[in-house]
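User: I should like to learn how to read the features of a protein model. May we begin with the way in which packed helices are described?

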Amino acid sequence: MGKRDSKFNKTYAMQLATIFLGFVIFGFSENIKGPAIPRIQFDFMLNESQLGTLLSLNALGYLIACSFTAYLTRIWGIKTVTVTALGTMAVSGILIYFSHSYPLFSASYFLMYIGNGMLEIGLAVLGARIFVKNTGTMMNLSHGFYGLSSTVAPLIATGLMKVTINGYTLDWRGMYLIMLLLSVVPIIFAMFSTFPGDNVQHEERISLRSLLKDPVLWLMVLILSFGVTSELAVGGWLVNFLEKAYRWDTITASGLLSAFFLCFALARLLLGPLTDKIGFTLSLIIFSGFSALCTFVAILGGEGLAFLFAASGAGIAMIYPTVMALIARRYPKESDTAITVTVTLMGLGSVIGNYAVGGVIEAVKKLFGADSQLGLLRGLQAGYGIIGLCAALSAVSGLLLYSYLYKRKEII
């Protein structure tokens with residue numbers, strides 16, 4: 001018994017190391033681009049339109065990878081898919097380092113986002129299979145590592161780009177090489193570990209068509225799409241709002257955004273046990289509702305209540321990992337397919353949501369006077385209100401889900 005427990009603990013420790021370190025790498029790869037983008041633009045002499053096209057193509061690569069990863073998981077197994085995703089990111093780092101022409105660079109960057117998409121699905125599926133107890137706690141904890149690495153990634157990237165070795169400055173190419181080669185570390189842990197679920201026979205699974213007929217899946221897509229749209233939009237619009245609406249300087253405005261990410265990361269690290277205690281469905285309603293409330297009060301309360309923008313991060317942070325925990329419990333054998341469907345549709349919804357914020361700002365500015373300070377203020381308030389509205393709609397979708405499951409006595 002002692003040997004069996006020891007083996008189990010060692011296997012579980014390797015599994016945890018793979019997931020936690022995988023999320024650290026995912027956070028790095030997603031968030032080191034901020035300091036690098038201006039240098040990339042200068043080196044390749046890209047205009048704003050070309051830069052936007054580059055980032056859009058990468059987002060497309062990410063979505064494409066999300067769409068086929070579940071299929072590969074069934075054919076190869078989750079261990080091989082995870083190692084392949086991390087290996088793809090490491091290879092892309094080498095290619096980026098040697099890319100001195102724009103076509104090679106854009107192809108290398110596209111490859112990195114293919115790896116990113118595969119890794120996100122792979123880690124979510126791994127978590128769904130491994131965290132059979134305290135699912136909410138462990139899902140939020142693992143995603144908390146993504147939050148922490150995302151917080152420090154821009155700082156590390158900025159520091160690395162200035163490092164000089166034997167007269168050679170690493171710059172953005174060397175920085176990408178070093179950061180993406182760190183993918184080798186979780187690969188080592190994955191190679192020496194085993195993961196459950198790869199032995200589930202195809203005939204034991206529910207078909208994709210049957211999954212798509214389940215209203216619960218579509219309600220989770222709505223919760224996730226609205227929640228993640230609200231989460232991602234804060235990073236793109238909060239600093240802009242504070243600088244233009246309240247005339248804050250960039251350092252102060254960026255400080256509040258950092259506070260948002262700190263609340264975000266701490267919530268995932270500390271509040272996971274609460275989701276297990278009160279239930280996943282109820283947690284989704286409470287946390288998304290809290291985020292919406294903080295956002296609306298911050299907008300209506302003016303500059304004095306701006307700190308509530310940061311506090312909203314504690315609520316919206318819980319949506320993604322809690323939905324993943326809900327999927328793991330409801331679809332234990334089909335979690336790979338269910339996760340792929342929800343994440344892919346979420347990605348499409350997020351693109352639409354961010355366009356909506358910009359569109360509303362412009363429309364309301366014209367209503368109140370496009371060139372006036374009042375028009376700018378009202379436009380920014382209305383646009384940022386879309387972020388709060390998305391969080392509120394996530395809560396409403398959660399209520400619909402709770403009602404549906406309650407009637408069937410299937411509350412999770």
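Analyst: Two packed helices are described by the angle between their axes and the distance between the axes. In this predicted model, helix 4 (residues 78-97) and helix 7 (residues 171-181) pack at an angle of about 165°, and their axes are 8 Å apart. Helix 4 is therefore roughly antiparallel to helix 7, since angles over 145 degrees are placed in that class. The crossing of these two helices is left-handed.

User: Which residues of helix 4 and helix 7 meet?

Analyst: On the side of helix 4, the contact consists of Met89, Ala90, Ser92, Gly93, Ile94, Ile96 and Tyr97. Helix 7 contributes Trp172, Arg173, Gly174, Tyr176, Leu177, Leu180 and Leu181. Sorted by class, the residues of this contact are 10 nonpolar, three polar and one charged.

User: At what angle do helix 10 and helix 15 pack, and how far apart are their axes?

Analyst: Helix 10 (residues 215-245) and helix 15 (residues 319-330) pack at about 165°, with 9 Å between their axes. These helices are therefore roughly antiparallel to each other, and their crossing is left-handed. Val216, Met220, Ile223, Leu224, Gly227 and Val228 of helix 10 meet Ile319, Tyr320, Val323, Met324, Leu326, Ile327 and Arg330 of helix 15. This contact has 11 nonpolar residues, one polar and one charged.

User: How many residues does the largest nonpolar core have, and which of them have the most contacts inside it?

Analyst: The largest nonpolar core has 123 residues, and Tyr176, Leu242, Phe309 and Met324 have the most contacts inside it. Two of these names have appeared already: Tyr176 in the contact of helix 4 with helix 7, and Met324 in that of helix 10 with helix 15. Leucine 242 touches Arg247, Trp248, Ala253, Leu256, Ala306 and Phe309, if residues up to four places away in sequence are not counted.

User: How is a single residue judged: is serine 312, for example, buried or exposed?

Analyst: The judgement rests on relative accessible area, where buried means under 20% and exposed over 50%. Serine 312, in helix 14 (residues 307-316), has 2% relative accessibility and therefore counts as buried. Apart from neighbours within four places in sequence, serine 312 is in contact with Phe260, Ser291, Cys294 and Thr295.

Isoleucine 285, which lies in helix 13 (residues 280-301), counts as buried because its relative accessibility is 14%. With neighbours within four places in sequence left aside, isoleucine 285 is in contact with Ala395, Gly398, Leu399 and Tyr402. Glycine 147, in helix 6 (residues 135-161), is at 5% relative accessibility and so counts as buried.

User: What should I look for in the backbone angle phi?

Analyst: Most residues other than glycine have a negative phi. Arginine 247, however, has a positive phi near 60°. This arginine 247 lies in the loop between helix 10 and helix 11 (250-270), and it counts as exposed because its relative accessibility is 63%. Arginine 247 is also one of the residues touched by leucine 242.

User: Where does lysine 409 lie, and is lysine 409 buried or exposed?

Analyst: Lysine 409 lies in the segment after helix 17 (373-407). At 79% relative accessibility, lysine 409 counts as exposed. Its phi is positive, about 55°, although lysine 409 is not a glycine.

Terms used: Residues numbered from 1 in each chain as written. Predicted model: local features only at pLDDT ≥ 70, side-chain atom pairs only at ≥ 80, totals over all residues. Heavy atoms only, no water. Axes fitted to C-alpha atoms, helices over the stretch in contact; angles between N-to-C directions. Helix = DSSP H or I, 4+ residues; strand = E, 2+ residues; numbered from the N terminus. Parallel < 35°, antiparallel > 145°, perpendicular 65-115°, else oblique. Left-handed = near helix turned anticlockwise from the far one by under 90°. Contact = heavy atoms within 4.5 Å. Nonpolar A, V, L, I, M, F, W, Y, C, P; charged D, E, K, R; others polar. Core = buried A, V, L, I, M, F, W, Y, C linked by side-chain atoms within 4.5 Å. Buried < 20%, exposed > 50% of the residue type's maximum accessible area, 1.4 Å probe, protein only.
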